[in-house]
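Reader: I would like a close look at a single part of this model, namely one helix and the pockets that go with the fold. Please take me through that part step by step, in one connected account.

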Amino acid sequence: MLAIRLSALGDVAMTVPALYSFARQNPNVDVTVLTTPFFARLFIDAPANISVMPVDLKKDYHGFAGLCRLARRLRKMNFDYVADLHDVLRSRFIGLWLALTGSKLATVDKNRRERRRLLSHKATESRRFTDRYCDVFRALGFNVNLDFKTIFEQKLPSCPLTLPDKSIGIAPFARYVNKAYPVDMVKQLVEMLTDRGYHIYLFGGGKEEKKALAEVAAGNPKVMSLAGVYPLEDELAVMARLDLMISMDSANQHLASLVGTKVLSIWGSTTPACGFMGYNQPSASACVAGLNCQPCTIAGSNECPAGTNYECLRALHPEIIVKKAVKLLGDE
């Protein structure tokens, strides 16, 4: 079987529970996961019948000609089944190419119409994507039930840090502005948590995020920014040892979920109803303002369509987040 998921980090992370569960329950099926070199690093301690095929679409298979070369390469591998877990132009092209040469194809149902109905408040909830990925395997004729727990199920890897008790991770940023917690509120949140005796580890990526998190951590011995400090594998090892991860609707909530860490998720323009809640995270661990204009986007944007200056985020005062974190940790 060929399983295709080419982007993005959080979305690839959401495929892991479905892929690992399927592979363990169907050991006679060899699964090749087609993804990018960076995302391939997520498949830690994978079942023996999973292999990862990293492809660089920008360098080695750029453009339409490159996509044709990739499809020809895949055709020679004689896949019986193709699980398109992405449903974008590239994956559709590859899936159709292989289907025309005899492979049985199934594609994830993103149910875009239903998700658009969420924005007009004509629908109340969309299924979680981890479940949708399992539906693809079922459409190919296989049984699968989600029983994944953590990518570190075999053993916990070594960690570059020794984390003290009461350690919390905070990942306040996201790809889009209307899914990121305001920096001034991040500072308040960190101060309130450290005043309660918690040790804080800040996660993020990119030059601007690294700079902002360094400023948040400055002068507080109980706060450490990990932005740009460790490779992905080490960050996952740190996340696995946290008591709690506080994250936006971003890749970090899915990474923390992959290592079995409890996540308090904060939602702005999107809500858990959009289907992107972290794997195995209960709905009660989500923080949502519940404004009439939510959700206003499915994946996020860099504007506030309602013109409220991101009230969906600013309504979630640090006190609210702290109270919920304390409750989830059982420290009330």
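**Helix H5 and the pockets**

Author: In this predicted model, helix H5 spans residues 129-139, and its buried residues are Phe-129, Thr-130, Arg-132, Tyr-133, Cys-134, Val-136 and Phe-137. The cover over these buried residues is supplied by several elements, including two helices, H1 (9-25) and H4 (112-119), together with two strands, S4 (81-84) and S5 (104-107). Just after H5 the chain reaches Gly-141, which adopts a positive phi of about 100°.

Helix H5 also takes part in the largest pocket, whose volume comes to about 970 Å³. Elements that contribute two or more residues to the lining of this pocket are H1, H5, helix H8 (232-239) and helix H9 (251-258), so that H1 appears both in the cover of H5's buried residues and in this lining. The lining comprises 38 residues, and those that lie nearest the centre of the pocket are Ala-8, Leu-9, Gly-10, Arg-175 and Ala-251. Sorted by class, the lining holds 19 nonpolar, nine polar and ten charged residues.

The second largest pocket encloses about 220 Å³ of space. Its lining is made up of Leu-6, Ser-7, Thr-36, Pro-37, Val-55, Asp-56, Leu-57, Lys-58, His-86, Val-88 and Arg-90, and these divide into five nonpolar, three polar and three charged residues.

How values were computed:
Residues are numbered from 1 along each chain as its sequence is written. This is a predicted model: local features need pLDDT of at least 70, side-chain atom pairs count only at pLDDT 80 or more; totals for chains, interfaces and linings use all residues. Side-chain values use heavy atoms; hydrogens and water are left out. Buried means under 20% relative accessible area, exposed over 50%, partly exposed in between (1.4 Å probe, protein chains only). Helices (H or I, at least four residues) and strands (E, at least two) are DSSP runs, numbered from the N terminus. Contact means heavy atoms within 4.5 Å. On a 1 Å grid over the protein atoms alone, a cavity is a set of points where a 1.4 Å probe fits but cannot get out, and a pocket is an open set with protein on both sides within 12 Å along at least five of seven lines; lining residues have an atom within 4 Å of a point. Grid points are joined across faces, edges and corners, and a volume is the space filled by probe spheres set on the points. Ala, Val, Leu, Ile, Met, Phe, Trp, Tyr, Cys and Pro count as nonpolar, Asp, Glu, Lys and Arg as charged, and the others, Gly among them, as polar.
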